[in-house]
Amino acid sequence: MDLSISAIAFFIFPCTFARSKPRNTTSPCGYSIRIRTMKLAFGIVVEKLVTHEDPNHFHKFFGVLVLLNFIIRFSMFGEADMGFKSHPEWTLPSLGMHTMLSYSSLIFKLPRRRIKAKPGQAGGYRIWPEYRLHSIIFASRSLLFLLLIFYEQQNGLQDKPLFWASGMIYYAALIAADVASWSVGREYKSPTVRGWGLPPIISFLFSAAQLSVYPLGFGVGPRRFGQVYIDLFIIQLNAFMMTLRRKNLAGDVGLLTLYGMMLGIGGFFAFFETSYYTPRSSGSIAGIFVCLAILLRLGPRVIPGLTIIQNSKYIMWGLLATGIHFCRPDYISDKLPECIDDSEMLDTVGTVLGVSVVALAACKHFRPSKRGSEGEVQKGDASVSDGTVAPNGLAAEVTIKKDSKRR
């Protein structure tokens, strides 16, 4: 178990040491100071990662296994489908360790209220109970989808995938996420992306990347393990990074930058999978419905009748899933249904929607930001300084903003 703790500390040790680098490292005296500083920094990292809530290092053990599994599977990217296609006997053990990692996180106690970003600053990246539940739910969504693809692989259903089953998995995840938010209480709910205090264009890109995974679940695009596994990678690694922020082992800006890079890597993998392992028409249909989802969910509410669809994700995804069902090309022959048997029209529609998404992103960028709307610390929220951290992982210096007007 000590090896697992050391392995975790190894990944975050360089960032901690960079802050504590002594000025003189050339002389023997400076070298010895550097060694002592390294030992001290390493000890601080291990001390913050080891808590009394996990005395047997159960969660950390699966964390190290999952990190190694990510490294091994990403090394088999491409034709081997991250090893799921070439080594199907390891699929169930891999899914088991990912499942144990997510659900074992429930043993840790977290502050109920989210620490939001200060006005005009990026922040709010510490993990809180609502997000932990969402992380477990969306990781379970990816794990069930991987299990479904494995079932299709083992039973010769690659030519006739169970699209209805994957659609039910993704729709059930939407319901479970809302139930989880309801369970923590209204005063402890917080929008994940908008609570980070990011510029509007960055918040838009983050939200668009999250929306882009749903058309795949509703049955359009590549039916491959790698596409879903990338989504699982982002979900679980992001929860780990938010835990590092909660323990003050890394800063908000650096972790948010890393999260953006992860989304970029996920987008690259999605483009690669769609370009090389998906028939052309299926890829076009997937792109069209991704753009529709972004425009509906993140676009302006200006048309009265359309706002009902935009404000309800259940209605929106229900309509989009219905559209995907009737527009889905044949999975093997890539033949389009008779209603849209025109590839040129498909390309035109995709181009128009793509340009519309770019225009919407530009509007988000040049629109003047509303100070204090989402990133502002609201009444009763804790604003934590970047100073000391108490032994239990909570910030030691907490200030509560109170409303100046008394009722």
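Is Asn-248 buried or exposed? In this predicted model, Asn-248 counts as buried, because its relative accessibility is 14% and the cut-off for buried is under 20%. Asn-248 sits in the loop between helix 9 and helix 10, the latter covering residues 252–277. Its backbone has something to show as well: phi is near 60°, a positive value in a residue that isn't glycine.

Met-82 makes a good companion to that loop residue. Here too phi is near 60°, again positive without the residue being a glycine. Met-82 belongs to the loop between helix 3 and helix 4, and with a relative accessible area of 0% it is buried.

Now for the overall picture. The chain has 407 residues, and buried ones make up 48% of them. Along the chain there are 14 helices and two strands. Take the contacts between residues at least 6 apart in sequence: 77% of them join residues at least 24 apart.

Next comes the nonpolar interior. The largest nonpolar core holds 77 residues, and Tyr-125, Trp-196, Tyr-259, Ile-294 and Trp-317 are the ones with the most contacts inside it. Helix 9 supplies the largest share of this core, with eleven residues. As a general point, nonpolar side chains in soluble globular proteins tend to be buried together. To look at one of those well-connected residues, Ile-294 is in contact with Phe-204, Ala-208, Leu-211, Gly-299, Val-357 and Leu-360, once neighbours within four places in sequence are set aside.

Helix 9 also turns up in the helix packing. Two packed helices are described by the angle between their axes and the distance between the axes. For helix 3 (residues 58–74) and helix 9 (residues 225–246), the angle is about 150° and the axes are 12 Å apart. Their crossing is left-handed. On the helix 3 side, the residues involved are Val-66, Leu-67, Asn-69, Phe-70, Arg-73 and Phe-74, and these meet Tyr-229, Ile-230, Leu-232, Phe-233, Gln-236 and Leu-237 of helix 9. Sorted by type, the residues of this contact come out as nine nonpolar, two polar and one charged.

Phe-233, a helix 9 residue, is worth a closer look. With 15% relative accessibility, Phe-233 counts as buried. Beyond residues up to four places away in sequence, Phe-233 touches Phe-70, Phe-74 and Met-262. Phe-233 and Ser-142 lie 91 residues apart along the chain, yet their C-alpha atoms are separated by 9.6 Å.

Ser-142 itself is part of helix 5, which spans residues 129–154. Its relative accessible area is 0%, so Ser-142 is buried. What does Ser-142 contact, leaving aside neighbours within four places in sequence? The partners are Val-228, Asp-231, Leu-232 and Ile-235.

Helix 5 has another packing partner in helix 4 (residues 91–104): the two pack at an angle of about 170°, with axes 10 Å apart. Helix 4 is therefore roughly antiparallel to helix 5, since angles over 145 degrees count that way. The helix 4 side of the contact consists of Thr-91, Leu-92, Leu-95, His-98, Thr-99, Ser-102 and Tyr-103, while helix 5 brings Ile-136, Ala-139, Ser-140, Leu-143, Leu-146, Leu-147 and Phe-150. Of the residues in this contact, nine are nonpolar and five polar, with no charged ones.

One member of that contact, His-98 of helix 4, reaches further afield. His-98 counts as buried, at 0% relative accessibility. Not counting residues up to four places away in sequence, His-98 touches Val-66, Asn-69, Phe-70, Leu-143, Tyr-229, Leu-232 and Gln-236. Among these, Val-66, Asn-69 and Phe-70 are helix 3 residues that meet helix 9, and Tyr-229, Leu-232 and Gln-236 are on the helix 9 side.

Finally, back to the loop between helix 3 and helix 4, where Phe-84 is also placed. Phe-84 is buried, with a relative accessible area of 0%. Its contacts, not counting residues up to four places away in sequence, are Arg-73, Thr-91, Gln-153, Phe-225 and Tyr-229. Phe-84 and Gly-226 are 142 residues apart in sequence, but from C-alpha to C-alpha they are 8.0 Å apart in space.

Note on methods:
Residues numbered from 1 in each chain as written. Predicted model: local features only at pLDDT ≥ 70, side-chain atom pairs only at ≥ 80, totals over all residues. Heavy atoms only, no water. Axes fitted to C-alpha atoms, helices over the stretch in contact; angles between N-to-C directions. Helix = DSSP H or I, 4+ residues; strand = E, 2+ residues; numbered from the N terminus. Left-handed = near helix turned anticlockwise from the far one by under 90°. Contact = heavy atoms within 4.5 Å. Nonpolar A, V, L, I, M, F, W, Y, C, P; charged D, E, K, R; others polar. Buried < 20%, exposed > 50% of the residue type's maximum accessible area, 1.4 Å probe, protein only. Parallel < 35°, antiparallel > 145°, perpendicular 65-115°, else oblique. Core = buried A, V, L, I, M, F, W, Y, C linked by side-chain atoms within 4.5 Å.
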